[in-house]
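Reader: I'd like to go through the labels on this model one by one. Can you show it and tell me what earns each label?

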Amino acid sequence: MTDHASPARAAAVSLLQTLYGKPDGTPLPVLIDRAARHRNLDSRDTALVTELTCGVLRAEKRLWAAVRPFLRNPGALPAPLRLLLLAASYELLFLDHIPGRATVHQAVGLARHRYGPALGGLTNAVLRAVNRDRDRIRAEDAAFLARDPHEATVDDVERLGSLPPGLASQWLRDYGPAAAWDFARRASRRPAPVCRLNAARPDAPDTLRALLDAGGQAIGRWGMRFPQPGAELFPLLERLERDGRITRQGEGSLLLTQRLIEAIRAGGYPEDSPLWDACCGRGGKSCALLEQGIHVAVASDPVQARLADLNRAITRLRLPRPQLACSPAQPLASSFTGHFPLILLDVPCSGTGTLARNPELRLRLASEARAGLPALQAELLGAAWNALAPGGLLAYATCALQRAENEDQIASFLATHPDADVQDQHLMLPGGAGQDILFLALLRKS
């Protein structure tokens, strides 16, 4: 097989080489889209590129455990060939709809084309062995997955989640072995499609029925997950999204937004109470709040491109338009002193709760980069608190699985702010596969 004969597999291996080499921080969906356009891939081939690339990232260490025994000198294996073997092994072990002989044939052809006959022969020997023994390998992997999570070690958690060095030990230290195992298991799974219905639309009940008929499972009142999506689902979702009837949004984010809305209503805040979304990003939570009648008065973010995405979403969804401010939250907060009864502060974080949806993040989680985040979060929290009116409610949120960014951050804040009272704080653990885990703390100002 040459690169021309198997463009999807060639593209996936090239993408993996880029990601494991010197990634520039470009999001994986953008890289996949570039590769698809460069090689003129159709939707089916693009889907295979996505599956192989994300699959290797999520299961790298489980795959290596399967491949390594068939190598005489694993440490001498060239890095590009290692990635090719992992991608082909993912096909053999996880993609039953592709014949094993076809996978081996095409991977061997690609290895010969790129690396010469000797390494092509090595690829042939290793992958034929994996294909021959895949029932045993799958059984051993299933036994590994079924072990008692309370007895999970650092190596177990790291292998299950294909985690970068240090993250597994930090999870065990912060949350214990059973929770760390659960986090790693969630990080290893392909995300199920999830969407949010536009509750502001009069046809929202019709949309709800259509999505239930398409195999959806309700998440609260206005969320929907699809645990076993068929090919016919995605054209339906695309049409409904174009029409402004749904928005793709993760389950954890949906749960967090719904919990905030419940707290606002239970707190007795008037319907027109203004809310400041102080780190709005692309505005998924802002739009969800607007759809359910929360008065988002200001949405701010320091990146103009994110605000442009929010502006387009507001137009598509036909929602009331808040003031959009391109600015960090700190300088804005000084002009809002004591002004807002409601503030949503979704702070920049390590993103370790999003490893299933953003599998490439594993390769960018340097501990030194994470070290400065708690200080920034504390600065943002202090600034936003000054903008909160007496009696107001502030929602502090992250998509991180680090006590230093979550529980410890709130404890430190309470120690220096006697006017703060915690109404609620916990991790949002979605029921759907591969969904983001978020942390939420609701703080009320006395």
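Author: Let's start with a definition: a salt bridge is a side-chain nitrogen of Lys or Arg within 4 Å of a carboxyl oxygen of Asp or Glu. Bear in mind that this is a predicted model, where local features need pLDDT of at least 70, side-chain atom pairs count only at pLDDT 80 or more, and totals for chains, interfaces and linings use all residues. Residues are numbered from 1 along each chain as its sequence is written, and side-chain values use heavy atoms, with hydrogens and water left out.

Reader: What makes aspartate 182 and arginine 186 a salt bridge?

Author: Their closest N and O atoms are 2.9 Å apart, and the rule asks for within 4 Å, so the label fits. Both residues sit in helix α10 (residues 177–187), 4 residues apart, about one turn of the helix. Helices here are DSSP runs of H or I with at least four residues, strands are runs of E with at least two, and both are numbered from the N terminus.

Reader: Why is aspartate 96 called exposed?

Author: Exposed means over 50% relative accessible area, buried under 20%, and partly exposed in between (1.4 Å probe, protein chains only). Aspartate 96 has 60%, so it counts as exposed. Its salt-bridge partner is arginine 138, at 2.6 Å, N to O. Arginine 138 has 26%, so that one is partly exposed.

Reader: What does the pair of aspartate 96 and arginine 138 tie together?

Author: Aspartate 96 is in the loop between α4 (79–94) and α5 (100–115), and arginine 138 is in helix α7 (residues 134–145), so the pair ties together parts that are 42 residues apart in sequence.

Reader: How do you know that lysine 285 pairs with aspartate 346?

Author: The closest N and O atoms of that pair are 2.7 Å apart, so the 4 Å limit is met. Aspartate 346 is in strand β8 (residues 340–346) and lysine 285 in helix α14 (residues 284–291), 61 residues apart. Both of these residues are buried. By this rule the count comes to 26 salt bridges.

Reader: Why is glutamine 170 called buried?

Author: Glutamine 170 has a relative accessible area of 7%, which is under 20%, so it is buried. This glutamine lies in helix α9 (residues 167–175).

Reader: What does the side chain of glutamine 170 reach?

Author: The side chain of glutamine 170 reaches the backbone oxygen of leucine 401 at 3.4 Å. A polar contact is a pair of N or O atoms within 3.5 Å; within protein, one must be able to donate a hydrogen and the other to accept it, and residues adjacent in sequence count only if both atoms are side-chain atoms.
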